[in-house]
Amino acid sequence: MSKEADATIVSSNSFGCIHVLEPNSQHTHTAILLHGRGSTGEEFSEELFDTKLSGSITLADKLPGWRWVFPSSRELWSTAFEEEMPAWFEAHSLTDITARQDLQPAGIRESVRYLEGILNEEVQRLGGKAEKVVLGGVSQGGAIGLWTLLCPSNAERRLGAFIGASTWLPFATNIDAFLGKDAVSSRDDGKAETDSNEGDAFVADMMTQTKSSLAHRGPFLFTPVFLGHGIDDAYVDIELGQQARHVLTQIGLTVEWKEYSGAEQEGHWLKAPEEVDDIARFLSTHVANL
C-alpha cells in the first residue's frame, strides 16, 4: 500500500488519533480494527500489514477497495503496570478476569460509545449500508469490539462481519446470564445473580435494547463472526476465547472458530500465514460480495 494512502486523523476528544489507510481502488467496504493494550491505531496498522498472507501479500492487497480505519484508545492508568498506557479499559489481570472487574465498566462504556460514533460515520460513508462495514480487533481491542457488537445503537442493522484475534469477552458470565438461551429459566429458578451484582447491573444497563432485539431475531444476530486464538497464547488463555465463542453462540450468533500454534509474540498475535489467510477467506466469503 502506498504511503499516499495513509492518513492520521486527530480525535476531537481524549481518545488518540485515528489512523486511516484509504483504498487503492473505488471504495467498496470499510474495516474498523482495534489495537490491543499498550499499542496505538498506527502501530497496529503497521504490524497487521507486516503480517502477510500466503504469497507475501497483505490484507489491503487482497481487498483493494477497502478502507482501513484504526482508532486509538485513551491513555489510562494501569493498576497492574503502575503507569499510564494506551488501553480501551482497565484490565487488572488477564489470568483472572474477575480480578477488580469494578475497574472495567467505565472504560468499556466510554469506549463502546466512542466506537459507535466511528461505526456510524463509516456506515454513512458507504451510503448507510452497514453490511459493508466490518468491526474487529486483537486482544483488548477485540474485547471492546465484541462489546460494541453486542451493544448496537441500532440493533435493526447487520454489520458485514466481526473478526477477533487472541481476544476475550469481559463479563462473559454476566452476559450469558442476561442474554443467553437459558437466561429466563435461570432467573425464574433463582440461580442467577441478583441486581446486587455490579456486573449483572452493568450488563443489564448496557444490553437491555439488545435483549429486546433477541426476541424477534434482530438483524444484528446475522453478523457472521470469526474468532482466531493461539493454543499457546501466553497472555489471553485460549479458554477465555472459547468462553467468548460459547456466549456468542448461546446468544444466537454464528461463529467460525479457529485455533493456531506458533504465532509470534508468545502466541498472542495472528499466525502467519494461516490465520491471515483464514481472515481473508472469511471476509471474501461473507462480506466482499455484499
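In the predicted model, Ser-111 is in contact with Phe-15, Trp-88 and Ile-144, when its neighbours within four places in sequence are left aside. Ser-111 itself belongs to helix α3, which covers residues 105-125. The relative accessible area of Ser-111 is 2%, and because this value is under 20%, the residue is classed as buried.

Helix α3 also takes part in one of the enclosed spaces of the structure, since α3 and α4 (140-150) each supply at least two residues to the lining of the second largest cavity. The volume of this second largest cavity is about 70 Å³. Its lining is made up of Glu-116, Leu-119, Thr-148, Leu-149, Pro-152, Asn-154, Arg-157, Leu-159, Phe-220 and Thr-223. When these lining residues are divided by class, 5 are nonpolar, 3 are polar and 2 are charged.

In total, the structure holds 3 cavities of 30 Å³ or more, and the largest cavity contains about 100 Å³ of space. The residues that line the largest cavity are Leu-33, Phe-44, Leu-48, Leu-59, Gly-136, Gly-137, Val-138, Ile-163, Gly-164, Ala-165, Leu-270 and Ile-279. Two or more of the lining residues come from each of the elements α1 (41-50), β7 (133-138) and β8 (161-165). By class, the lining of the largest cavity has 9 nonpolar residues and 3 polar residues, while no charged residue is found in it.

Besides the cavities, pockets were also examined. The largest pocket encloses about 390 Å³ of space. Of the 19 residues that line this pocket, those closest to its centre are Gly-36, Arg-37, Ser-139, Gln-265 and His-268. The lining of the largest pocket divides into 9 nonpolar, 8 polar and 2 charged residues.

The cysteines were considered last. A disulfide is a covalent bond between the sulfur atoms of two cysteines. With the requirement that a pair of cysteine sulfur atoms lie within 2.5 Å, the count of disulfides in the model comes to 0. Two of the cysteines can be described by their accessibility: Cys-17 has a relative accessible area of 34%, and because this value falls between 20% and 50%, Cys-17 is partly exposed. For Cys-151 the relative accessible area is 9%, which is under 20%, and therefore Cys-151 is buried.

Key. Residues numbered from 1 in each chain as written. Predicted model: local features only at pLDDT ≥ 70, side-chain atom pairs only at ≥ 80, totals over all residues. Heavy atoms only, no water. 1 Å grid on protein atoms, 1.4 Å probe; cavity = no way out; pocket = protein on both sides within 12 Å on 5 of 7 lines; lining within 4 Å. Points joined across faces, edges and corners; volume = space filled by probe spheres on them. Nonpolar A, V, L, I, M, F, W, Y, C, P; charged D, E, K, R; others polar. Helix = DSSP H or I, 4+ residues; strand = E, 2+ residues; numbered from the N terminus. Buried < 20%, exposed > 50% of the residue type's maximum accessible area, 1.4 Å probe, protein only. Contact = heavy atoms within 4.5 Å.
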